[in-house]
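Here are some notes to go with the model you are about to open. Have a look at it first, then read on at your leisure.

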Amino acid sequence: FYKPVVKRPVPVSDSLFALYAGKYFFEGDTMTLARQGNADYLVFTSTDKNRIYFTAPDEFFGKNISVDLKFEKNQAGKIIGFYFMENGKKMMAKRL
């Protein structure tokens with residue numbers, strides 16, 4: 001039988017979200033990670049705004065996004081992008 005995965009959103013403070021907010025580049029497209037009120041969004045274009053939910057301080061998903069995403073830091077601890085796994089390959093959106 002299929003057992004659905006239950007994802008439980010966790011709160012992310014404004015100060016932590018501020019470290020993630022901004023523009024990212026993936027395969028020719030620019031995306032923006034933004035917070036509006038109490039909701040977080042990954043915006044692909046002005047008309048394609050996807051609400052996202054954090055499942056850990058550095059992991060998130062969207063109901064309209066088919067993968068789980070995780071932020072990546074460099075050795076200095078600075079956010080350099082976020083990634084997801086697809087067919088065993090790491091797909092990275094780089095921070096601009």
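The points below go from the overall fold to the core and then to the pockets.

1. A word on the basis: this is a predicted model, where local features need pLDDT of at least 70, side-chain atom pairs count only at pLDDT 80 or more, and totals for chains, interfaces and linings use all residues. Residues are numbered from 1 along each chain as its sequence is written, and side-chain values use heavy atoms, with hydrogens and water left out.

2. The protein has one helix and eight strands (DSSP runs, H or I of at least four residues for helices and E of at least two for strands, numbered from the N terminus). Their order from the N terminus is α-β-β-β-β-β-β-β-β. The radius of gyration is 13 Å, close to the 12 Å that the globule rule gives for 96 residues, so the protein is as compact as a globular protein of that length (C-alpha atoms; the rule is 2.2 Å times the number of residues to the power 0.38).

3. Buried residues (under 20% relative accessible area with a 1.4 Å probe, protein chains only) make up 32% of the 96 residues. The largest nonpolar core (buried Ala, Val, Leu, Ile, Met, Phe, Trp, Tyr and Cys joined through side-chain atoms within 4.5 Å) holds 20 residues, and Y24, L33, L42, F54, F60, F71 and F82 touch the most other members. At least two core residues come from each of α1 (14–20), β1 (22–26), β2 (29–36), β4 (48–56), β6 (69–73), β7 (79–86) and β8 (89–95). With three residues, β7 gives the most.

4. L42 is worth a click. Beyond its neighbours within four places in sequence, L42 is in contact (heavy atoms within 4.5 Å) with residues including M31, L33, I52, F60, I65 and F82.

5. Next, the largest pocket (an open set of points on a 1 Å grid over the protein atoms alone, where a 1.4 Å probe fits, with protein on both sides within 12 Å along at least five of seven lines; lining residues have an atom within 4 Å of a point). Its space is about 270 Å³ (the volume filled by probe spheres set on the points, which are joined across faces, edges and corners). Of its 17 lining residues, F26, M31, F44, I65 and F84 lie nearest the centre. Two or more lining residues come from each of β2, β3 (39–45) and β7.

6. The second largest pocket has about 170 Å³ of space. Its lining counts 13 residues, with V10, P11, R35, N38 and D40 nearest the centre. β4 gives the most to this lining, with four residues.

Methods: Buried means under 20% relative accessible area, exposed over 50%, partly exposed in between (1.4 Å probe, protein chains only).
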